Amino acid sequence: MKRFKRTLHKATLLWLVASMIPVAYYFYQTSTAHEFLRQQVEKQGFQFLSYVSTRTNRTSTQIQQTFDELSRSALLYDYAEHPSEKLKHYLTSQWYLTSFNSKLFYQLRYLDKSGNENIRIDYTPDKEFPYVVPTAMLQSKGHRDYFHYAQQLKPGEEGAFGIDLEYEHQKPVIPYKPGLRLIFPIDAPKQRLGYFIANLDVLALIHNVTENSQNLSVDFVDKSGFYIISSDNHKLFGDLILERASFNLPAEQPDVWQAISDRPNRQGSIYTDNGLYVFQPFANALFANSGPMSIITHYSPQQLAQVYAARDRVIESDSVLIWFACGLFSVLWAQLWETYRQNKMDRTYAEFVMENGMAIALTDNRHKILRTNNQFSDLVGISSSRLSGQNLLYFQPTKETQAEMLNALEGLGEWQGEFVLKSPNGEMVVCQTSVKALKSKRNHVDFYVYSFADISAHHQAIMDLKEKSELDPTTSLWNKKKFDQNLEYYSRLKQRYPEQTDSCLAIIDIDSFKSINDHQGHAVGDEVIMFVAVQLKSLLRDTDFIARIGGDEFAVIVQHSDLKHAANLMNRIRISIASWPKHNVSISAGIALVSEDPQQTFSYADQALYRSKRKGKNCVSIHGIERLSLVESDSETQVNNP
């Protein structure tokens, strides 16, 4: 007791002194964390804006590629030069598929040189499929400003007009539908034929560009500060709709607008009472009419507070952990001498064990190998240096044995039994194994000592004897006992997994076998049995189970097969056996699906076999089939329904 009090007193004093470490750590970290985190958020903001810019450029490239393919289509030029209903139908079909696959074009049109719509495909968000506008509903767009802009384009020159509002019958579409029109003139060598115009679904494009898993705002502002693209649709169209003219960055956030103006064509950030704003320049040919723009993302004070709070909690947790670690260190230091003496005795014992004649491995309390002797290294084929640090349980592939051993060690502190060691080359070594836990005075397990005796030869001899007891001595096929076990196993599988692929049982009997023995002798009978066994082995799959269950009777479990496939397989075997030139031999077979009841399965297959015998032999019958064609060598088609 006195020793315990002295140890506790020293540990307490050391802990009090060491407590200054977490206190100093806490104040230092909290004084610098917020500035550091703000810089990190700023870097993340720049990375996010670069990602948005890249995604916008990628989307623009995809749109441009699609537009180029459509506007330069030979089919479009053929129609423009020689309009016909046939070419119009082909062109309409092409545009229909493009609209459906792209999702970003809500309107594709061909206007003649006077501005009259000749072809128009609409694909708005409210439609499940693109809509081919009837000829009677086509409009004249010759009065529209974008058509006047198109007339100014030179041959081969692409144009982009917008972003502006969509009009129908000279009135703006409500709710407001912004449009960005890509225009390409269709010219013959000496005259202009018309114009191909693709209207982009700007709202879908905005959603595609601004959507992000971080729920950050994304704004594209032009040189006047109006929102051209924004994750908040209410900010849009300030440059187009008088009622929304107040939605612009200079009016809403003058400090941010001033910072952007002071750093033209450069990225930057500004921290205001409304949070952190990160911006960078952006230019893209698709939005060339809008001029140079800036991309902005915003971290609100609430978002920043969450970032700070998370870091503060981490610092606080770390400080507490450091404080507890100091306490643990103090206690460990106070007990160091006691622990050292105990470990020295345990290691002395382990050293003694390591030098005996058996294969020995010493592990820590998590079964990670610390040391092994040469005998164990030879047993698994790995050097001691490579074994160090590996978990010994990984050498035992049998999970059941692992669980049994661990439960015994936890309860009794020792275990004995068979332990299968798996070497790197895949060889299995069966060992009689003893495991003993080495504990400290606090009853804590420090080490485990494993001792192994190789009994692989003895184990293999037992397995060989077991296999021989399950084989038919004449044919080397499985015997009746093994067949009964397997049939019961497949019935249990069917019961547990009723949805799995069917398996079938086939019972095969040699026709008139008694007559063969009586008239040609038992030597010929044995030869016939062996011939049938060889044919079964050669014609069936390796996964199929074959057994001899009687003198002239065989059974086959055809795995993963329906009745039709099993019947075809048995018929091939029947024909092969009947074609034997040496002796006149035939077989009959009965087939049934493997059910949850093994006795019932066997009974159904046996009934089907009986039907084959009754119908003239040398045929195959299936249980449970209403109408069944019997494939026979000499008999006509018959019906079986056992």
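Me: Two strands pair if DSSP finds at least two bridges between them, so how many bridges join strand 11 to strand 12?
Reply: In this predicted model, where local features need pLDDT of at least 70, side-chain atom pairs count only at pLDDT 80 or more, and totals for chains, interfaces and linings use all residues, five bridges join strand 11 (residues 268–272) to strand 12 (residues 275–282). Residues are numbered from 1 along each chain as its sequence is written, and side-chain values use heavy atoms, without hydrogens and water.

Me: Which way do strands 11 and 12 run, and what joins them?
Reply: They run antiparallel, and a hairpin connects strand 11 to strand 12 through two residues. Thr272 has Gly275 in strand 12 as its bridge partner.

Me: Which side chains of strand 11 are buried?
Reply: Gly268, Ile270 and Thr272 point to one face and are buried (under 20% relative accessible area), whereas Ser269 and Tyr271 point to the other face and are not buried.

Me: New topic: is Leu16 buried or exposed?
Reply: Leu16, which is found in helix 1 (residues 2–18), is exposed (over 50%), with a relative accessible area of 59%. Its C-alpha atom is separated by 9.0 Å from that of Cys326, although Leu16 and Cys326 are 310 residues apart along the chain.

Me: And at what angle do helix 15 and helix 19 pack?
Reply: Helix 15 (residues 480–496) and helix 19 (residues 598–614) pack at about 110°, with their axes 9 Å apart, and they are therefore roughly perpendicular (65 to 115 degrees). Helices here are DSSP runs of H or I with at least four residues, and strands are runs of E with at least two, while axes are lines fitted to C-alpha atoms, for helices over the stretch in contact, and angles run from 0 to 180 degrees between N-to-C directions.

Me: Which residues meet there?
Reply: Phe483, Leu487, Glu488 and Ser491 in helix 15 meet Pro598, Thr601 and Phe602 in helix 19, where contact means heavy atoms within 4.5 Å.

Key: Angles under 35 degrees count as roughly parallel, over 145 as roughly antiparallel, 65 to 115 as roughly perpendicular and the rest as oblique. Buried means under 20% relative accessible area, exposed over 50%, partly exposed in between (1.4 Å probe, protein chains only). Two strands pair if DSSP finds at least two bridges between them.
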